Amino acid sequence: MNNLDIRVFDIEANSADPDKVSAVHCIAVAKLDPETFDIEGEVELFSSDSPDTPPPLALDSLCGADVLVGHNTVAYDMRALSRAFMLPSRDSRLGPEKDNPMGLLPSMDTLLMSGVLYPHLRLLDVKSDCGLR
């Protein structure tokens, strides 16, 4: 396990619906130490505001990983990246394109993991919890 290349990432895009994303504004990528899970080095930031590191350059960093980790990566991030950068599924053996649109690598989705680890916690209904209608 100590030679695994684990990358944590998050994206910001122009739509909350991954199927309507047309632009990715920012992608942050960090490499994790596989033994301690501490961040190794600096967090890489790929931003549409930076001509030297636009978001598409993040794909090289992501595709170089053995495992990707993120929050809501399955339902949102991978689908949004695939849509924004018009990426085909790389390997049909990884499942239908809608389930794994980037056809990338093994990934760990902390949103899905949280439901397994903490099944007694309910998702917040912000409107009702805050008394909004």
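**Exercise 1: contacts along the chain**

Take the contacts in the protein chain between residues at least 6 apart in sequence, and find what percentage join residues at least 24 apart.

*Solution.* Start with the contacts between residues at least 6 apart in sequence. Now keep those that join residues at least 24 apart: that gives 55%. Keep in mind that this is a predicted model.

**Exercise 2: the order of the elements**

Work out how many helices and strands the protein chain has, and which pattern they follow.

*Solution.* Count up the secondary structure and you get four helices and five strands. Then read along the sequence, and the pattern comes out as β-β-β-α-β-α-β-α-α.

**Exercise 3: a look at Ile-6**

Decide whether Ile-6 is buried or exposed, and say which residues Ile-6 is in contact with, leaving aside neighbours within four places in sequence.

*Solution.* First, place the residue: Ile-6 sits in strand 1, which covers residues 6-13. Next, check the relative accessible area, which is 5% for Ile-6. Buried means under 20%, so Ile-6 is buried. Then list the contacts: Ala-30, Lys-31, Leu-32, Pro-34, Phe-37, Val-67 and Val-69. Finally, try Asp-66: Ile-6 is 60 residues away from Asp-66 in sequence, yet their C-alpha atoms are 6.0 Å apart in space.

**Exercise 4: a patch on the surface**

Find which residues make the nonpolar surface patch of about 390 Å², and classify Met-113 by its relative accessibility.

*Solution.* The patch is made by Met-108, Met-113, Leu-117 and Tyr-118. Of these, pick Met-113, which lies in helix 3 (residues 110-117). Its relative accessibility is 33%, so Met-113 counts as partly exposed.

How values were computed:
Residues are numbered from 1 along each chain as its sequence is written. This is a predicted model: local features need pLDDT of at least 70, side-chain atom pairs count only at pLDDT 80 or more; totals for chains, interfaces and linings use all residues. Side-chain values use heavy atoms; hydrogens and water are left out. Patches are made of residues with over 30% relative accessible area and no salt bridge: like charges are joined within 9 Å, nonpolar side chains (Val, Leu, Ile, Met, Phe, Trp, Tyr) within 5 Å. Accessible areas come from the Shrake-Rupley method with a 1.4 Å probe; for residues, only the protein chains shown count as cover. A salt bridge is a side-chain nitrogen of Lys or Arg within 4 Å of a carboxyl oxygen of Asp or Glu. Helices (H or I, at least four residues) and strands (E, at least two) are DSSP runs, numbered from the N terminus. Buried means under 20% relative accessible area, exposed over 50%, partly exposed in between (1.4 Å probe, protein chains only). Contact means heavy atoms within 4.5 Å.
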